[in-house]
Amino acid sequence: MLPGHFKGEPILIARRDDAFFAIGASCTHYGGPLADGLMVGDTVRCPWHHACFSLRTGDAIRAPALMPVTCWKIRTIGRKLFVVGKEIRKKPQPVRSAPSLKRVVIVGGGGAGAAAAQMLREEGYRGRLTMISADDSIPYDRPALSKEFMNGSVSKKMLPLHPQDFYRKNEIDLILDTRVAAIDTHDKSVQLVKGGRRKFDALLLATGASPIKLDVPGANLPHVCYLRTRSDCDAIIAKAGKASRVVLIGASFIAMEVASSLIQRKLPVHVVAPEAIPMERVLGPDVGKYLRRLHERNGVVFHLENSVVAIDKRKVTLKDGSTLDAGLVVIGIGVKPLTELAEHAGLETERGVLVNEHLETSVPGIFAAGDIARWPDPHTGDRIRVEHWVVAERQGQIAARNILGQRERFDQVPFFWTTQFDFTLNYIGHAEKWDRIDIDGSIEDQNCKLAYIREGKTLAIATVGRDRQCLEEEVALEQS
């Protein structure tokens with residue numbers, strides 16, 4: 001693959017066997033350089049967050065990128081290759097689905113729901129499409145809330161996945177600030193809390209998760225916040241501007257990313273958490289110790305092996321009896337899947353909504369994706385549920401195609417990333433438990449690969465500063 005330009009636009013030239021391709025050179029997700037990515041068949045994967053594009057059409061075929069890159073016409077004269085102009089994109093043909101599929105309802109306006117709605121239209125579905133979201137904002141880039149938006153490096157206009165007009169043009173009936181009260185599987189309808197019903201021929205549940213609430217005195221005070229939605233983030237930023245000190249409760253991914261972001265806003269930040277090493281349970285002790293040192297170098301103060309037992313208007317009281325002044329308290333102690341709708345409707349659940357390899361629940365015609373879905377993972381051999389944005393979007397895309405009868409297995413390797421200060425870690429696979437962690441390189445130098453191994457099998461890989469290698473390891477896990 002070679003980067004280049006055509007009339008000022010960056011392009012990527014790629015060769016696969018005797019075929020040449022030319023597409024836009026920048027990923028449509030966050031602008032990652034595709035020339036530094038990995039070619040797999042007739043696709044290219046972005047080195048930053050593993051989006052995947054077709055070299056033949058420019059289509060974004062795997063989240064987190066949702067929009068295509070430009071595809072360019074190529075002409076060969078003798079031994080020379082010429083880019084001569086842009087290919088005209090073809091509109092999707094109407095899909096051949098069951099005649100009874102006239103109404104699709106999506107419950108949830110997060111990554112899974114938004115990706116599913118878009119994919120249904122891209123696959124040519126022309127029936128009625130309704131997306132019901134409890135959020136008061138059009139679907140947005142949730143990972144940015146704790147990172148770029150929280151630290152002030154991107155503006156509000158960069159958050160939406162698509163402009164408002166996208167939903168009108170694609171005839172997606174987007175109903176915001178609305179919750180579903182119940183699902184009637186026999187009548188095939190959903191009952192809205194505000195009144196009214198929506199009938200469906202196929203239903204996708206993508207209700208996501210909600211923050212676990214801290215049960216201590218004062219946890220409901222106005223200066224105590226959780227981060228899940230754009231409104232939550234707006235509230236934290238507004239209150240942070242008036243706070244002399246922020247106390248973060250928990251050392252989860254969200255809490256650690258918020259700590260990084262608020263330090264970058266020049267706020268004193270203290271973190272209170274019960275573990276001895278931050279993030280050890282997910283990433284292991286070596287990464288956890290490094291992240292603690294990284295945060296401390298940037299001014300974060302840790303109170304580990306401790307917990308908050310009470311909150312008042314000016315301070316928090318810790319289990320050891322000490323107190324911390326706190327003008328703002330942000331709680332990040334985990335999330336729980338919102339499975340109540342599924343449970344009350346009689347769908348099979350077990351620490352999530354149980355789905356098969358096609359993301360279909362125990363009730364035919366009802367699918368689940370995202371934070372609530374527990375699926376049979378072919379790589380670990382376990383049923384797993386993963387609370388990651390990219391997984392949710394990819395499941396939404398595959399659920400959409402399966403709603404249309406394509407029977408595609410969800411067998412993709414999970415992916416997530418975290419960014420804290422100048423440190424970015426990419427993680428592929430899923431390892432809830434491991435026997436050992438093999439480290440190649442140096443975490444301190446931000447140039448390493450970590451392999452999480454159980455019973456001799458590599459379940460997951462984390463890399464720092466090795467984006468291309470992470471893509472190669474992803475392909476290896478897919479083929480294992």
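**Strand pairing, a helix and the whole chain**

Trainee: Opposite Ser189 stands Lys199 of E15. In which sense do E14 and E15 pair, and over how many bridges?

Mentor: This is a predicted model, in which local features need pLDDT of at least 70, side-chain atom pairs count only at pLDDT 80 or more, and totals for chains, interfaces and linings use all residues. Residues are numbered from 1 along each chain as its sequence is written, and side-chain values use heavy atoms, without hydrogens and water. Strand E14 (residues 189-192) pairs with E15 in the antiparallel sense, over 3 bridges. Pairing requires at least two bridges found by DSSP, so E14 and E15 count as paired.

Trainee: What makes E13 and E15 edge strands?

Mentor: The open sheet has 3 strands in the order E13-E14-E15, paired antiparallel. Strand E13 (180-184) and strand E15 (197-199) each pair on one side only.

Trainee: How do you know that the length of helix H11 agrees with its expected span?

Mentor: H11 (residues 467-479) has 13 residues, and the rule is 1.5 Å times one less than that number. The expected span is therefore 18 Å, and the end C-alpha atoms are 19 Å apart, which agrees.

Trainee: Which residues of H11 are buried?

Mentor: Cys470, Leu471, Glu473, Glu474, Val475 and Leu477 are buried (under 20% relative accessible area, 1.4 Å probe, protein chains only). Their cover includes helix H10 (389-403) and strand E34 (447-454).

Trainee: Why is the chain called as compact as a globular protein of its length?

Mentor: The chain has 11 helices and 35 strands. Its radius of gyration is 23 Å, close to the 23 Å of the globule rule for 480 residues, so the chain is as compact as a globular protein of that length. The radius is taken over C-alpha atoms, and the rule is 2.2 Å times the number of residues to the power 0.38.

Key: Helix = DSSP H or I, 4+ residues; strand = E, 2+ residues; numbered from the N terminus. Buried < 20%, exposed > 50% of the residue type's maximum accessible area, 1.4 Å probe, protein only. Contact = heavy atoms within 4.5 Å.
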